[in-house]
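Please examine the structure shown below and work through the exercises on its internal cavities. Each task is followed by a solution in steps.

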Amino acid sequence: MTPLRVAFLGPLGSFSHQAAAESFCKLSAELQPQISFPDAFAALQNKKADYAVIPCENSTNGSVMQTLDLLADRDGLYKDVKVCGEYYLTVHHCLMVHKGTYPGGWADYDGSITKLYTHPQAWGQCETFLTKYFKGVERQDVASTSKAAEIVSKETTERGAAIANRFAAEQHGTDVLVENIEDRADNTTRFLIFRNVLDERTAQLKFEQPNPPTLEAESALKTTHKTLITFTIDHSSPGALADALLIFKAHGLNLTSINTRPSLKKSWQYIFFVECGRTPSDENKEAVHKALNDLRHVTETCRDLGTWKDQLSASNA
Ligand SMILES: O=C(O)C(=O)Cc1ccccc1
């Protein structure tokens, strides 16, 4: 059997690459860089990859809208793709330039950078640094931080700089001018790990996320299981959202986050993303199944996006 194939947002050296490598480090996995998040999802749906590791939320900057839009799956492209795990990565950004541009390093920097490149998620994580040193400098969104590094590594005429991972600098041969430019030292991105639930090959490979590392055997039993459910409601019906949320309470499911994205069916109507947790027990093992059945009565559409082990419940236990 071929090794486990893990899709992530490339090119090599992205934060997604780091998260994929770290979360599958114990398994001999073939890491497959993709050009975009939709490409990674398509690889799963088409059974070209077994898993995909995609950023969903950052502790400084909040939810990743591109990922929520993928999960909304408005065109039904990724029917069999579900979450099966999560991974928290501490994210340190560097400012990097074309090799040899500033031989004296940051100490000699003369203010000549005219354009900055990075993934949209990164701007908001480095705002203090950028406001201090690069106020008014043009910012260009690119597909990933490592793509930004690749662009400045190849540029010949412009004075550009990229915000990216230290590994991206090694990968693409750029010079790091400043390290750790993120606003907060605890800047962390949560990645979700996805699989195709109908892919039998993937099922046989049995990737099982470990219990959080700091958990002792006894408290391992207390690891929270998280579930993600998306739904739409009848916006003209007073209390429709309250009715839906009460179902989680009725089944002992603790709400841990709520997000919305436009439904794109009608303006000012939304798709709701509800994440909830439970500590597994004999009594509540059917809780998610029952909640989904009840939700189908009070929602217009409703989708189970998977259940996985909470990798932070060690610190919550
Ligand atoms: O662009 C990357 O490197 C990604 O993997 C997306 C991203 C961007 C910024 C923080 C975490 C993940």
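The exercises that follow concern a predicted model.

**Exercise 1.** Describe the annotated region of the chain.

Solution. First, locate the region: an unreviewed UniProt entry carries the annotation "domain: Prephenate dehydratase" for residues 5-196. Next, consider the secondary structure: over residues 5-196, helix accounts for 28% and strand for 32% of the chain. Finally, compare the ends: the C-alpha atoms at the two ends of this stretch are 12 Å apart.

**Exercise 2.** Determine how many cavities of 30 Å³ or more the structure holds, and characterise the largest cavity.

Solution. Begin with the count: there are two cavities of 30 Å³ or more. The largest cavity encloses about 180 Å³ of space. Its lining comprises 17 residues, and those nearest the centre are F15, P55, H119, Q121 and T145. Then assign elements: α1 (15-23), α4 (120-123) and β11 (188-196) each contribute at least two lining residues. At the domain level, domain 1 (1-90 + 187-196) and domain 2 (94-178) each provide at least three. By class, the lining has eight nonpolar residues, nine polar and no charged.

**Exercise 3.** Identify the residues that line the second largest cavity, and classify them.

Solution. Start with the volume, which is about 30 Å³ for the second largest cavity. The lining consists of F41, L70, L71, D73, Y78, V81, R303 and L305. At least two of the lining residues come from each of α3 (65-72) and β15 (301-309). Sorting the lining by class gives six nonpolar residues, no polar and two charged.

Technical notes
Residues numbered from 1 in each chain as written. Predicted model: local features only at pLDDT ≥ 70, side-chain atom pairs only at ≥ 80, totals over all residues. Heavy atoms only, no water. UniProt positions renumbered as here; feature names shortened; annotations may be inferred. Helix = DSSP H or I, 4+ residues; strand = E, 2+ residues; numbered from the N terminus. 1 Å grid on protein atoms, 1.4 Å probe; cavity = no way out; pocket = protein on both sides within 12 Å on 5 of 7 lines; lining within 4 Å. Points joined across faces, edges and corners; volume = space filled by probe spheres on them. Nonpolar A, V, L, I, M, F, W, Y, C, P; charged D, E, K, R; others polar. Domains from an automatic or database assignment.
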